[in-house]
Amino acid sequence: MQVFLGETPVSRWSVGPWLADSATDWPVRERQCLSWLPAQGAQAGRVLTACLLPPETKSFAGGAGRDERRLAWQHAQRTLGGEIERACYGNNLKSIALCPMHKRVDPDAILEGILLRGRGFTEFRADDLPTTLEHVIVADPRKGLAAQVQRTTTVCDSVNFARDLADLPSNVGTPAELVRRVRLRLRGTGVKSRVVEQPELEKLGMGLLCAVGQGSVHAPKLLQLEVAAKRKNAPTIVLIGKGVTHDTGGYNLKTNGSIADMSYDKCGAMAVIGAIDALARLGSPANVVALLPFVENAVDAAAYKPGDIIRGMDGTTVFVDNTDAEGRLTLADALVYARRFSPDAVIDIATLTGAANTSLGEAFSPLFASDAGVRDALVAAGHAVDEPLWPMPIHGSHRASLEHHRAHLVNTAGTDGSLCTAAAFLRHFVDFPWAHIDMAGKGHRYAEYGYLGRGATGYGVRLLHDAVHRLATR
Ligand code: BES
Ligand code: ZN
Ligand code: ZN
């Protein structure tokens, strides 16, 4: 899909008597309504009118909220973009012009909905056409829109690239294959990449990451990507994404029927990769390092077992209570590795605990932060991109439940507060300003989901891209 800025091919008066007065007095009583109208004298053959009324919302409860109305309005506009794309798909349209008729309408948010909904995963089904649209003209004379449209188009392309990787099943999306595809995509963008292979991971002492991968025929790999800032004296931000290419649970085999979904356990890494891709293409305001530990948690005679005691890169010993709590082990060694970059901020993002989705539901992801500035930047970014975050606590009681008499830490602490104890485990390895996003449940959808459709959502790409900009300019 190509996006252009252009002249409006319709005016308010060319679409029949309905729009004769003003765009604000449309005779529509529905909250949201799409209808095709014949165009009178316009260049377009027909006109799809869309009416969007500001959503009715109460303010957030709980104290950590920003403006819920703004968030709901952003969401409604992107959703409308997705519906416009579907309406065009249903009519087999190749070209459309987008003509917002009210200053509160943000053509950019609508465009984002179109670009994200018009994506399909065709690698194993070439006939499953993602969209019919080839050209979108954004017909709006607003100042600065050209640059914004350019940014949005690029970022959405990065999101869709991340979704294509995330949708790979684990028999194809192995650590080696993911590394190969990421490097291919980033060729020519100026991103430096380095792969730390298993022998070097062992030499570095990354015993936690290696233990998770020791039952798999696919060796673990740590992919390191670096984007340099456009300006001098820019901060250094490290982004870490959980890249478990498949999570069977290991000896604590998953029993609730969700094993088949667990090729999406790499979606944290995909969020980071998409963000890096966008930063590289659009120019980064910070020096950004991505750390992507790719590993498969498989069942095998050689796999790590409940009861094992393993040692991490910083010397911390961990009693493995449950092999299904592999994400925190994987991330722990990556967090310790991050120290070598003397980061101003480190953000990790991971499909870490089922409890993340159980506690906050489909819209919000839990956020943990050791630094108020990093927290505020992420919360603001979440609102701006319609991927809202909600701050959660790590308390001494969470940390205390991870005590073990034979090791420094145990990797699980029962179900009580399991969202927070997972974060407390990670914090043990942190000695820099840090935030952790638990995106479990956000990485993919089975059913149609608004402007994201089905399959991988690309969650976190727009969030991290936006957050890096906020962190670099604070
Ligand atoms: N990858 C899972 C978390 C997950 C669950 C992601 C559902 C997406 C959807 C993670 O590795 C895991 O298994 N977590 C366990 C931890 C438990 C053993 C302490 C969980 O949350 O049940
Ligand atoms: Zn697991
Ligand atoms: Zn997992």
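Student: In what sense do S1 and strand S5 pair, and over how many bridges?
Tutor: Let's start with the strands of this predicted model. Strand S5 covers residues 135-138, and one bridge partner across the pair is His135, which sits opposite Gln2. S1 and S5 run in the parallel sense, and the number of bridges is 4.

Student: Which strands stand at the edges of the sheet?
Tutor: The open sheet has 3 strands in the order S1-S5-S4, with parallel pairing. An edge strand has a single partner, so one of its sides is left without a neighbour in the sheet. That picks out S1 (2-5) and S4 (95-98).

Student: Which helix packs on this sheet, and what angle does its direction make with that of S4?
Tutor: Look for residues 107-117, which form helix H2. This helix touches S1, S4 and S5. Its direction and that of S4 make an angle of about 155°.

Student: What is the arrangement around the zinc ion (ligand 3)?
Tutor: Lys242, Asp247, Asp265 and Glu326 coordinate this ion at 2.0 to 2.4 Å. There are 6 donor atoms, and their angles of 77 to 173° make the arrangement octahedral.

Student: Which residue bridges the zinc ion (ligand 3) and the zinc ion (ligand 2)?
Tutor: The two zinc ions lie 3.2 Å apart. The bridging residue lies in strand S9 (residues 243-247) and is buried, with a relative accessible area of 3%. It is Asp247.

Student: How many residues apart in sequence are the parts tied together by Asp247 and Glu326?
Tutor: Asp247 belongs to strand S9, whereas Glu326 is in the loop between strand S12 (317-319) and helix H8 (327-338). Glu326 is buried too, at 0% relative accessibility. The pair therefore ties together parts whose separation in sequence, in residues, is 79.

Notes. Residues numbered from 1 in each chain as written. Chains lettered and ligands numbered in written order. Predicted model: local features only at pLDDT ≥ 70, side-chain atom pairs only at ≥ 80, totals over all residues. Heavy atoms only, no water. Donors = N, O, S within 2.8 Å, 3.2 Å for Na, K, Ca; no water. Tetrahedral: all angles 85-135°; square planar, octahedral: opposite > 155°, others 65-115°. Helix = DSSP H or I, 4+ residues; strand = E, 2+ residues; numbered from the N terminus. Buried < 20%, exposed > 50% of the residue type's maximum accessible area, 1.4 Å probe, protein only. Pairing = 2+ DSSP bridges. Contact = heavy atoms within 4.5 Å. Axes fitted to C-alpha atoms, helices over the stretch in contact; angles between N-to-C directions.
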